[in-house]
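Reader: I would like to learn how to read a structural model with some care, beginning with charged pairs. Could you show me the model and then take the terms one by one?

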Amino acid sequence: MPSTGPRAVLSAAPPWTYFIGSAVFHYLGPAFAVLLFARLAPLGVAALRIWSAALVFALWRRPWRILARLDIEGRRTIIVWGAVLAAMNVCFYLAIARVPLATVAAIEFLPVIVLAALGARTARNLAALLAAVGGVYVLTGIRLAGEPLGLVFAFANAVLFTVYIVLAHRTARRLRGISGIEGLAAAMLVACVFVTPMGIWQAAPAVIEPVTLVAGIGVGICSSVIPYVCDQLAMARMARSTYALLVALLPATATVIGIVVLRQFPSFAELAGVGLVVLSVALHRELQAPPAKRWFGGTTFAQDRTARPAR
């Protein structure tokens, strides 16, 4: 009799469904964070985000036990991943406090598309890559305007986001003895250590403001728990180049969220950008590879036939 529990359902779901969940919450979290800037400085918001996410993962996965059973190389990977998570979140909030969010999103995409280019080895995939770049350019309307320091943080965030993809994918596919979500829980615990000296004083006002504290916890769950878990579930069965190209969906998701949450209706040019991004995803195809077995939370499942093992 086939298993019908939660793990079986998660294992059977296509990888792209997890990415959709990640894409939606990727911008819901920042939308909530913008509302917090009136009460807390960017570093305080970043700290609350990481702390609340780490607390959820600590209650769920007991990350200290995960770190204890890893070898030296595994712990080194987790520590680096945690440092990248902390620095990436700090740079992101410092950037959107100084530069328009659309500009930060466009800059964030630039190095990520390089990862997609590494996997685009056919004419079809190159066409998909060009459509994704064109769609993101039209959709976000790249404007290199704003405070110079804000642009520095935006480019730093972009580089760190690319490193995050590489490290998260390596953990999901290669790190022995733990699942990708367990690695994420351990990395978030490490990120707490790195972000505390930078954000503890700016987050302090939230302690005496319950509304701010609850909002900060909501930002952490929406920004660093739900999307990152979805990332791990997707990357465990998806080649890095595929994931990097699907990141092009994030600006399209931001447009939809802007309509629903912020009542920001797009122009015809922005709708054309969404269409190009969707076209790029429809065109892209992975190279064929034999199916492989992967491990998810104690349950094995077959890797999707279109997924190519990471190099």
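Author: A salt bridge is a side-chain nitrogen of Lys or Arg within 4 Å of a carboxyl oxygen of Asp or Glu. Side chains of opposite charge can pair when their charged atoms come close. Before we apply this, note that the model is a predicted one, in which local features need pLDDT of at least 70 and side-chain atom pairs count only at pLDDT 80 or more, while totals for chains, interfaces and linings use all residues. Residues are numbered from 1 along each chain as its sequence is written, and side-chain values use heavy atoms, with hydrogens and water left out.

Reader: How many salt bridges does the structure hold?

Author: The structure holds three. In one of them, glutamate 209 pairs with arginine 39, with 3.5 Å between the closest N and O atoms. To place the partners we need the elements, where helices (H or I, at least four residues) and strands (E, at least two) are DSSP runs numbered from the N terminus. Glutamate 209 sits in the loop between helix 9 (180-203) and helix 10 (210-235), and arginine 39 in the loop between helix 2 (15-36) and helix 3, so the pair ties together parts that are 170 residues apart in sequence.

Reader: Are glutamate 209 and arginine 39 buried or exposed?

Author: Here buried means under 20% relative accessible area, exposed means over 50%, and partly exposed lies in between (1.4 Å probe, protein chains only). Glutamate 209 counts as partly exposed because its relative accessibility is 26%, and arginine 39, at 47%, is partly exposed.

Reader: Which residues are joined into one network by salt bridges that share partners?

Author: Arginine 61 and glutamate 182 meet through their side chains at 3.9 Å, N to O; arginine 61 belongs to helix 3 and glutamate 182 to helix 9, so this pair ties together parts that are 121 residues apart in sequence. Glutamate 182 also forms a salt bridge with arginine 69, where the closest N and O atoms are 3.2 Å apart, and this links helix 4 (residues 63-69), which holds arginine 69, with helix 9, over 113 residues. Arg61, Arg69 and Glu182 are thereby one network of salt bridges with shared partners. Glutamate 182 counts as buried, because its relative accessibility is 16%, whereas arginine 69 is partly exposed at 47%.

Reader: What does tryptophan 81 contact beyond its neighbours within four places in sequence?

Author: Contact means heavy atoms within 4.5 Å. Leaving those neighbours aside, the partners of tryptophan 81 include Tyr164, Leu167, Ala168, Thr171, Gly180 and Gln232. Tryptophan 81 is placed in helix 5 (residues 72-96) and is buried, because its relative accessibility is 0%. Its C-alpha lies 9.5 Å from that of valine 166, although 85 residues separate the two in sequence.

Reader: Which backbone oxygen does the side chain of asparagine 89 reach?

Author: A polar contact is a pair of N or O atoms within 3.5 Å, and within protein one must be able to donate a hydrogen and the other to accept it, while residues adjacent in sequence count only if both atoms are side-chain atoms. The side chain of asparagine 89 reaches the backbone oxygen of leucine 85 at 2.6 Å. Asparagine 89 also lies in helix 5 and is buried, with a relative accessible area of 2%; residues up to four places away not being counted, it touches Ala46, Arg49, Ile50, Ser224 and Tyr228.

Reader: What are the figures for the protein chain, and how far does the predictor's confidence reach?

Author: The protein chain has 13 helices and two strands, and 52% of its 311 residues are buried. Among contacts with a separation of 6 or more, 85% come from residues 24 or more positions apart. As for confidence, pLDDT is the predictor's confidence in each residue, from 0 to 100. The chain averages 77, and 77% of the residues score at least 70. Confidence is highest in helix 3 (residues 42-61), at a mean of 92, and lowest in strand 2 (residues 299-302), at 31. Over residues 289-311 the pLDDT is below 50, and this stretch has 63 contacts in the model beyond near neighbours in sequence.
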